Amino acid sequence: MARTRKAESKKDNRKDGTPSSTFCIVGEIRDIYEGHKADYLTINSPRGDYYDQFTVNVPVDIMENSTIEDYSEGETVQCSGHITTYFDREKKTSRVIFTADTVSHTVDIG
């Protein structure tokens, strides 16, 4: 038999607004899009003979020691940050957003 509990208020869980889900993606930059408030990296992360492709948002104000111009397509990077979601009403699906807190060069993973 399944256990049930009285529903807790979600507002009480994280009052500080800090996202609790994090990520670390290591992979090769496939595309860079420079926006006004954020830059976007398309990263291919290897998985055996295949790869997963992720788009990571990089807010322009987090790049303390470097800028997006220091990175180019084909370079291997490591991105870590937090994961958020939103519901896209037009497509009727949840969208996952990866927002980087740090981006750094790393060794080749090929």
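Visitor: How many disulfides does the structure hold?
Guide: Zero. Bear in mind that this is a predicted model, and the count is for that model.

Visitor: How do you know that the sulfur of cysteine 24 is too far from the closest cysteine sulfur for a bond?
Guide: The closest cysteine sulfur sits in cysteine 79, 8.3 Å away. A disulfide needs the two sulfur atoms within 2.5 Å, so 8.3 Å is too far for a bond. Looked at from the other end, cysteine 79 is in no disulfide either, with the sulfur of cysteine 24 as its nearest.

Visitor: Why is cysteine 79 called buried?
Guide: Its relative accessible area is 0%. Buried means under 20%, so cysteine 79 is buried.

Visitor: And what makes cysteine 24 partly exposed?
Guide: Cysteine 24 comes out at 48%. Exposed would take over 50%, and buried would take under 20%, so 48% puts cysteine 24 in the partly exposed class.

Visitor: Which residues have the most contacts inside the largest nonpolar core?
Guide: Cys79 turns up again here, along with Leu41, Ile43, Val56 and Val103. That core has 14 residues, and strand 1, strand 2 (38-47), strand 3, strand 4 and strand 5 each supply at least two of them.

Visitor: What is valine 56 in contact with, leaving aside its neighbours within four places in sequence?
Guide: Among its contacts are Leu41, Ile43 and Cys79, plus Phe23 and Phe98. Ile25, Asp39, Tyr40 and Ala100 are also in contact with valine 56.

Visitor: How many aromatic pairs are there?
Guide: Three. One of them joins phenylalanine 23 and phenylalanine 98.

Visitor: Why is the pair of phenylalanine 23 and phenylalanine 98 called edge-to-face?
Guide: Check the distance, then the angle. The ring centres are 5.1 Å apart, and rings pair if their centres lie within 6.5 Å, so phenylalanine 23 and phenylalanine 98 count as a pair. Their planes stand at 80 degrees; over 60 counts as edge-to-face, so the name fits. The pair also links distant parts of the chain: phenylalanine 23 is in strand 1 (residues 22-34) and phenylalanine 98 is in strand 5, 75 residues apart.

Visitor: How do you know that phenylalanine 23 is buried?
Guide: Its relative accessible area is 9%, and the cut-off for buried is under 20%. Phenylalanine 98, at 15%, counts as buried for the same reason.

Visitor: What makes the pair of phenylalanine 54 and phenylalanine 98 edge-to-face?
Guide: The centres are 5.5 Å apart and the planes at 80 degrees, so this pair is edge-to-face. It links distant parts of the chain too, with phenylalanine 54 in strand 3 (residues 50-59) and phenylalanine 98 in strand 5, 44 residues apart. Phenylalanine 54 is partly exposed, because its 23% falls between the 20% and 50% cut-offs. Put Phe23, Phe54 and Phe98 together and you have one aromatic cluster.

Visitor: Why is the contact of glutamate 28 with arginine 30 called a salt bridge?
Guide: Side chains of opposite charge can pair when their charged atoms come close. For glutamate 28 and arginine 30, the closest N and O atoms are 3.2 Å apart. The limit is 4 Å, so the name applies. Glutamate 28, at 27%, counts as partly exposed, and so does arginine 30, at 42%.

Visitor: How many salt bridges does the count come to?
Guide: Two. In one of them, arginine 47 meets aspartate 52 at 3.0 Å, N to O. That lies within 4 Å, so it counts. Arginine 47 is partly exposed at 47%, and aspartate 52 is partly exposed at 27%.

Visitor: What is the phi of lysine 92?
Guide: It is positive, about 55 degrees, although lysine 92 is not a glycine. You'll find lysine 92 in the loop between strand 4 (76-88) and strand 5 (93-105).

Visitor: What makes lysine 92 exposed?
Guide: Its relative accessible area is 67%, and exposed means over 50%, so lysine 92 is exposed.

Visitor: Which pattern does the protein follow along the sequence?
Guide: The pattern is β-β-β-β-β, with zero helices and five strands. Buried residues make up 26% of the 110 residues.

Notes
Residues are numbered from 1 along each chain as its sequence is written. This is a predicted model: local features need pLDDT of at least 70, side-chain atom pairs count only at pLDDT 80 or more; totals for chains, interfaces and linings use all residues. Side-chain values use heavy atoms; hydrogens and water are left out. Helices (H or I, at least four residues) and strands (E, at least two) are DSSP runs, numbered from the N terminus. Buried means under 20% relative accessible area, exposed over 50%, partly exposed in between (1.4 Å probe, protein chains only). A salt bridge is a side-chain nitrogen of Lys or Arg within 4 Å of a carboxyl oxygen of Asp or Glu. Rings of Phe, Tyr and Trp (its six-membered ring) pair if their centres lie within 6.5 Å; planes under 30 degrees apart count as stacked, over 60 as edge-to-face and the rest as tilted. A nonpolar core is a set of buried Ala, Val, Leu, Ile, Met, Phe, Trp, Tyr and Cys residues joined through side-chain atoms within 4.5 Å. Contact means heavy atoms within 4.5 Å.
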